[in-house]
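This briefing is for a reader new to the structure shown below. Please look over the sequence and the model before reading on.

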Amino acid sequence: NVNSAHNSGVSAFKTLRLGDTGIRQHWTLDNDNGTVAYFSTNGNSLIQNANTNLMFQTNATERMRLNSTGLGIGTSAPTSKLSIEASSPDIMFTDTSGGTDSKKWRVFGLDSDFRIGCRNDANSSGQTALQISRSGATITDQRFSTGGSERLRIDSSGRAMIGTTTADGILAVSDTNNETYLVVQNAKSGGSGEGVLSLKND
């Protein structure tokens with residue numbers, strides 16, 4: 001073992017010890033109360049014994065912090081097992097088994113809205129499938145989209161709007177040709193599937 005007493009300006013760390021036991025290589029950071037952190041290159045593990053924060057920095061800026069509450073990215077005070085904070089927080093899921101431009105799914109926040117959508121492989125374009133809006137801690141509406149256009153909206157009163165963003169009743173249905181219609185189809189097994197009720201404005 002090689003022991004080196006060193007004070008680099010962080011008073012809690014008094015000793016850096018490098019060791020090779022023949023089984024694993026490791027280093028430890030010690031203070032007056034014993035080992036604070038331990039890293040084993042053999043087991044690729046980092047262990048912090050003290051009840052303090054474990055911080056990760058790049059370019060002299062903290063990027064991530066782990067404490068007894070959870071892991072914080074973009075915050076030094078996580079409030080849950082995983083807390084992500086940014087002006088527009090963004091999480092990308094990439095399904096490597098997907099086809100061309102069919103791999104990336106995006107979950108993100110924008111202007112107080114929560115959104116789920118997809119992106120192309122280059123992450124240069126995509127569409128939103130679900131948008132949830134809020135006012136304070138109250139959900140005001142949910143919007144469902146396909147093909148880059150909103151198809152269905154449910155507002156805070158529970159009114160559903162298909163093809164429109166306004167409703168006088170519990171359900172409003174409209175198409176882009178200024179025709180209002182509702183079709184109820186026969187879903188019975190063996191049925192023809194033809195509409196048994198159709199409402200249309202000619």
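Two strands count as paired if DSSP finds at least two bridges between them. The model is predicted. Strand β11 (residues 104-110) and β12 run antiparallel and are joined by seven bridges. The points below start from β12, then turn to salt bridges and to Thr146.

**Strand β12 and its neighbours**

- Within the pairing of β11 and β12, Phe108 has Arg115 of β12 as its bridge partner.
- Two residues lie between the strands in the hairpin of β11 and β12, where Asp111 takes a positive phi near 55°.
- β12 also pairs with strand β13 (residues 126-135), in the antiparallel sense and over six bridges.
- Gly117 stands opposite Thr128 in β13.
- The hairpin of β12 and β13 has six residues between the strands, and Asn123 takes a positive phi near 55° there.

**The two faces of β12**

- In a regular strand, side chains alternate between the two faces of the sheet.
- Strand β12 (residues 113-119) shows this alternation: Asp113, Arg115, Gly117 and Arg119 point to one face and are buried.
- Phe114, Ile116 and Cys118 point to the other face and are not buried.

**Salt bridges**

- Side chains of opposite charge can pair when their charged atoms come close.
- The whole structure holds seven salt bridges.
- One of them joins the side chains of Arg115 and Asp113, at 3.3 Å from N to O.
- Arg115 counts as buried because its relative accessibility is 16%, and Asp113 counts as buried because its value is 12%.
- Glu150 and Arg153 form another salt bridge, with the closest N and O atoms 2.8 Å apart.
- Glu150 is partly exposed because its relative accessible area is 29%, whereas Arg153, with 14%, is buried.
- The side chains of Arg159 and Asp155 also meet in a salt bridge, at 2.7 Å from N to O.
- Arg159 has a relative accessible area of 30% and is therefore partly exposed, while Asp155 has 16% and is therefore buried.

**Thr146**

- Thr146 lies in strand β14 (residues 138-146).
- Its relative accessibility is 47%, so Thr146 counts as partly exposed.
- The side chains of Thr146 and Arg151 are joined by a polar contact of 2.9 Å.
- Thr146 and Gln127 are 19 residues apart in sequence, and their C-alpha atoms are 8.1 Å apart in space.

Definitions and conventions:
Residues numbered from 1 in each chain as written. Predicted model: local features only at pLDDT ≥ 70, side-chain atom pairs only at ≥ 80, totals over all residues. Heavy atoms only, no water. Helix = DSSP H or I, 4+ residues; strand = E, 2+ residues; numbered from the N terminus. Buried < 20%, exposed > 50% of the residue type's maximum accessible area, 1.4 Å probe, protein only. Polar contact = N/O pair within 3.5 Å; in protein donor to acceptor, adjacent residues only side chain to side chain. Salt bridge = Lys/Arg side-chain N within 4 Å of Asp/Glu carboxyl O.
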